[in-house]
Amino acid sequence: MRNPTVPDPGEDFVPLTGLLPHAELWLKLESRNPAGSIKMKTATAMIDAAERSGLLRPGAELIESTSGNLGVAMAAICAARGYHLTLVTDPNSNYRSVQQMRALGAEVVVVERRDDNGGYLGSRIAYISLRLATEPGLVWLNQYANPANVAAHRDGTAVEICERFGVPDWLFVGVGTSGTLMGCVEHFAGLGTRPTVVAVDVLGSITFGGAPARRLIPGMGASRKPEIFAPGEYRRVLVSERDTIVACRRIASRYGLLVGGSTGTVVAAAMAHRHRLPPGSRVLAISPDLGGAYLDTIYDDGWVATHFGDELLRDSARSARRPVREELVKART
């Protein structure tokens, strides 16, 4: 008999049994998408829409800003469809993701100047704007403002949840570009029964209006508010990168599941919310990718100790062996 606490890697929805004391916590694993992440949906939707509109023609040249997963997905699609692609990233991007982009034929530009909010997104977009001004044929699909980003998850991710998992009582969604969040909110708004949606971002991101600060883990947060992000019927939670690391390492050591940073962040938020969840609640957290690209950062003891201190290593080791302590997660609602 299979141990019920260990997820079956062949399933898209896996339980994290016992992580919440009186509620069921599940992950929706998006790592089985081609290119390994939820961003394959976003990339496909944006490129398909651009082709339908006539914006993209055979041999077109594209440029896009990315912190990792979208770049890998776009590189895969552009290689298959014959488009030249330039991806603009920054030093926080995972080394393995950048290697994948290049292996798939994309040109990668690393922007090293921080923007006025201490991040790199503004600088990446400034670089793209300069290229667009001097290269009239260049196409920027702009994941931060493209409605196809939202549609990909309204008509894809949210529908999959309803059809294969059912409507959860609570849904935790990470916020990067906010495409997944906005798509899920739009879809569930049209249902009679809807989950309590929790939008999860990281401390240092300005999307929710908080103070900017330097961040080290790619995939979530922004130093510039995405245009597609909008008010809606959802709660907002901020999680520290320290708690992201603790959650990722706890999931790996307790469940044998190596998850990415965004997954650790949404799980940390769910852990912080456990005292607000009615007994028996079905809780679903969207897991954008797995943790292979984070072996040099989140799962590397030297990197964690250098950037967050030896105490965090001890905290994450203890956390793997005991029930969750409420004070571990410094989420703010």
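A cavity here is a set of points, on a 1 Å grid over the protein atoms alone, where a 1.4 Å probe fits but cannot get out; its volume is the space filled by probe spheres set on those points, which are joined across faces, edges and corners. The model is predicted, so totals such as linings use all residues, while local features need pLDDT of at least 70 and side-chain atom pairs count only at pLDDT 80 or more. Residues are numbered from 1 along each chain as its sequence is written, and side-chain values use heavy atoms, with hydrogens and water left out.

The count comes to three cavities of 30 Å³ or more. The largest has a volume of about 700 Å³. Its lining (residues with an atom within 4 Å of a point) runs to 49 residues, and Ser67, Gly176, Gly219, Met220 and Gly221 sit closest to the centre. By class, that lining splits into 18 nonpolar, 24 polar and seven charged residues, with Ala, Val, Leu, Ile, Met, Phe, Trp, Tyr, Cys and Pro taken as nonpolar, Asp, Glu, Lys and Arg as charged, and the others, Gly among them, as polar. Elements that each supply at least two lining residues include helix 1 (39-53), helix 5 (147-164) and strand 7 (170-174); helices (H or I, at least four residues) and strands (E, at least two) are DSSP runs, numbered from the N terminus.

The second largest cavity holds about 50 Å³ of space. Gly219 and Met220 turn up in its lining too, among them Val202, Glu241 and Thr265. Helix 8 gives the largest share of this lining, three residues.

Terms used. On a 1 Å grid over the protein atoms alone, a cavity is a set of points where a 1.4 Å probe fits but cannot get out, and a pocket is an open set with protein on both sides within 12 Å along at least five of seven lines; lining residues have an atom within 4 Å of a point.
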